Amino acid sequence: MNLLLLDESDRSEGGFEVGGRRAQHLLQTMGVVPGDQLWAGLNDGPKGRLRVVAVQEGRVRLQGDLDEPADRPRLGLILAVPRPKFLRKLVPQVCALGIARLDLVRSWRVPRSFLGSPALAAGGLEAEMDEGRAQGQWTHRVGLHYWSRFEELPLGQDSDSPGSRWVAVPGRPPAKRAWGDPVVAIGPERGWTPHEVGRFQAAGFELVGLGPGILRVDTACIAGLSRAARDLEQG
């Protein structure tokens, strides 16, 4: 845990107090004791260094100021729903890279059986998203949206945050430099259908390749998002 995520409800006696899974991680995995300092941040708010002041009955009390502004994630990911167990492993990785929004869509080549997974129920991926945000030190929560039909997926350009929009298709040229708030679309294991690719193109997405070979879904997600994040950092 590189960042302890806090809610306003965790405020207590001039500081913060956490229990449950977060306290267990602090005590058993990180081995914190009174006097230790760690990074913490309010969900959708600032972050800062807090000092552990007490440990009692499985709860941890902390004090300090959360007075450093947190960077806003700028990446978007459109992802064809992968196998549920695979999805739970992938979500922390992409959230650690700094995504602002994750759109999960059932493309034509996604088996209908995937749709019954508890991971796609309300709150089903919250723990995995928090794990990724804590790893990457992102306080802003990820906007998660699920679309049971590809035709429901909104592909129109968001005028409030325009940016590069890429759809990964093997054999295409490398992506141009990312700008604005980029969105990367990664298909299922067998790829997007020609109809789906056509809809992306009609909406202004650029067809791009992520290398000479055909990548696994997780590798493609990380490659595409990492490329976009690097471009943004370099201005």
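These legends go with a few close-up views of a predicted model.

Residues are numbered from 1 along each chain as its sequence is written. Since the model is predicted, local features need pLDDT of at least 70 and side-chain atom pairs count only at pLDDT 80 or more, while totals for chains, interfaces and linings use all residues, and side-chain values use heavy atoms, with hydrogens and water left out.

**View A. The two sides of helix α4.** Here we look at α4, residues 194–202; helices are DSSP runs of H or I with at least four residues, strands are runs of E with at least two, and both are numbered from the N terminus. Its buried residues are E196, V197 and F200, where buried means under 20% relative accessible area, exposed over 50% and partly exposed in between (1.4 Å probe, protein chains only). These three sit on the same side of α4 because they cover an arc of only 100° around the axis, taken from the directions from the helix axis to the C-beta atoms. Turn to the face away from that buried side and you meet the exposed P194 and A202.

**View B. What α4 packs against, and what follows it.** The buried residues of α4 pack against strands β7 (75–80), β10 (165–168), β11 (183–186) and β12 (206–208), with contact meaning heavy atoms within 4.5 Å. Just after the helix, G204 takes a positive phi of about 95°.

**View C. Cysteines C95 and C221.** A disulfide is a pair of cysteine sulfur atoms within 2.5 Å, and the count here is zero. The sulfur of C95 has its closest cysteine sulfur in C221, 11 Å away, so it is too far for a bond. C95 counts as buried at 1% relative accessibility, and C221 counts as buried at 0%.
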